[in-house]
Amino acid sequence: MQGLWHLGSVTAACLASVGHEVVGFDPDKAIISSLIEGKAPLFEPDLNPLISEGIQSGKLRFTGNMKNACEDAEILWVNFDTPVDEDDVADVDFVINQIKSAVMFLSDGALVLVSSQLPVGSIAALEKFSKEHILDKHISFASSPENLRLGNALKVFLHPDRVIVGVRSPEDRTILEELLFPVTKQIEWMSVESAEMTKHAINSFLATSVTFANEIAAICELVGADAKEVELGLKTESRIGPKAYLSPGGPFAGGTLARDIEFLGKISQERRLSTPLLSSVRLSNDAHKKWVQRKLLGCFPDLSGLRVMVWGLTYKAGTDTLRRSLSVELIDWLLGQGVCVQVYDPAVKELPVNWANRVKKCASARENLEEMQVLVVGTEWPQFKNEARILSEFAQSNLLIIDPNRHLQGCLGDADFPYLSVGSRQLI
């Protein structure tokens, strides 16, 4: 198992739990040291116990020695979480170069299964490299796009709806059936390029759905409609369906959806193909990122000295990573406006260093809340609903609640706090 951040540590632990012998390696020595002690590099529910069980059973071990990990491997499963920068541009070269280094140590007949987020065509490029540089061995490649979700990753891996796998030959398919059948037999087999493209298509579809729903919600705010009622109307339409990604709320974040939009945009641009729909998704999402700012400026033309509490810093509940977090982006903007900010997140242990002495980190959701003028719900942690049920006991009655995804709606009881959410009838 190559690459051991979220995707890799989850895959390694789950694979060992179904009986496979797994050796995990990563260039980051700190990650290896932590995993050897049974600690994942980031919080994921139930992951640490599963890692410890794997180590104790002898099915799972970790090493920083690439040669030691690869030389006896029948399958090299590449699971780097491809890094993205502040503009959601992926560092593809980092992952490709790591794979190129590892395949040099593989034995003849080994198979490389790639689940890292790479643009379509990456497998073909790796095959070309292998044929040109590893002349004495036959190394084959396959693709299985990752489908994990932070906070629910173990369930998604061990009980998937289905798994997408792209292979070149029946022989590779047989090898991967032995690998994956202990997890699921619901496998959609296809070509390597189709598997790579499927990941881009899924994430682009989801990103497009999010931006579509939020643009509809923005119009709802202007005309007195409720976007949640419109969502109900959409999802009860048989041609759309109840699981459609059409809830009005915050923009997509975390880098995952944006990364695939960027991949397709680059591919289209290189081939001079016009894709106006896909090209507009990022533009729409970026505009929607300003929704909270617009609402604050609408209520408080001068934000200097405003006292704001933010509940939740992680980009979603169930994780402690701040990677591409919208709350972080919002707080950076608030600080620039001279706002007094305090935050609470049940999972985050340390705040960004550039907030030192500028943002107060609270020990509880209700700490000092009676002095706040605005509460922003940044992450949908379930425990915030319990706090909302008794909010009137420790907050001023005129506290403005900005809750883009309506996480607290229905939990405020008879309390009559000013309340704003995306796509709701705007009463302020």
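A cavity is a set of grid points where a 1.4 Å probe fits but cannot get out. With that in hand, here are some close-ups of this predicted model.

**View 1. The largest cavity holds about 110 Å³ of space.** Its lining is made up of 14 residues, and Val114, Ser116, Leu118, Ser143 and Glu196 are the ones closest to its centre. Two helices, H6 and H9 (192-223), each chip in with at least two lining residues. Sorted by class, the lining comes out as six polar, five nonpolar and three charged residues. As for how many cavities reach 30 Å³ or more, the count is three.

**View 2. Now for an open space: the second largest pocket, with a volume of about 680 Å³.** Look to the middle and you'll find Glu21, Asp72, Ala73, Glu74 and Ile75, which lie nearest the centre out of 24 lining residues. Several elements give two or more residues to this lining: strands E1 (22-25), E2 (60-63) and E3 (75-78), along with helices H4 (66-70) and H8 (170-180). Nonpolar residues number 14 in the lining of this pocket, next to six charged and four polar ones.

**View 3. Helix H5 packs against helix H6.** Two packed helices are described by the angle between their axes and the distance between the axes. For H5 (residues 92-103) and H6 (residues 122-133), that angle is about 35 degrees, and the axes sit 11 Å apart. The crossing of H5 past H6 is right-handed. On the H5 side, the residues making contact are Ile96, Ile99, Lys100 and Val103, and their partners in H6 are Ser122, Leu126 and Phe129. The class tally for this contact is five nonpolar residues, one polar and one charged. You've met H6 already, by the way: it also supplies at least two residues to the lining of the largest cavity in View 1.

**View 4. Here we zoom in on one side chain's owner, glutamine 293 in helix H13.** The helix around it covers residues 291-299. Is glutamine 293 buried or exposed? Its relative accessibility is 8%, and since buried means under 20%, glutamine 293 counts as buried. Which residues does glutamine 293 touch, leaving aside those up to four places away in sequence? They are Leu330 and Trp333.

Technical notes. Residues numbered from 1 in each chain as written. Predicted model: local features only at pLDDT ≥ 70, side-chain atom pairs only at ≥ 80, totals over all residues. Heavy atoms only, no water. Axes fitted to C-alpha atoms, helices over the stretch in contact; angles between N-to-C directions. Helix = DSSP H or I, 4+ residues; strand = E, 2+ residues; numbered from the N terminus. Left-handed = near helix turned anticlockwise from the far one by under 90°. Contact = heavy atoms within 4.5 Å. Nonpolar A, V, L, I, M, F, W, Y, C, P; charged D, E, K, R; others polar. Buried < 20%, exposed > 50% of the residue type's maximum accessible area, 1.4 Å probe, protein only. 1 Å grid on protein atoms, 1.4 Å probe; cavity = no way out; pocket = protein on both sides within 12 Å on 5 of 7 lines; lining within 4 Å. Points joined across faces, edges and corners; volume = space filled by probe spheres on them.
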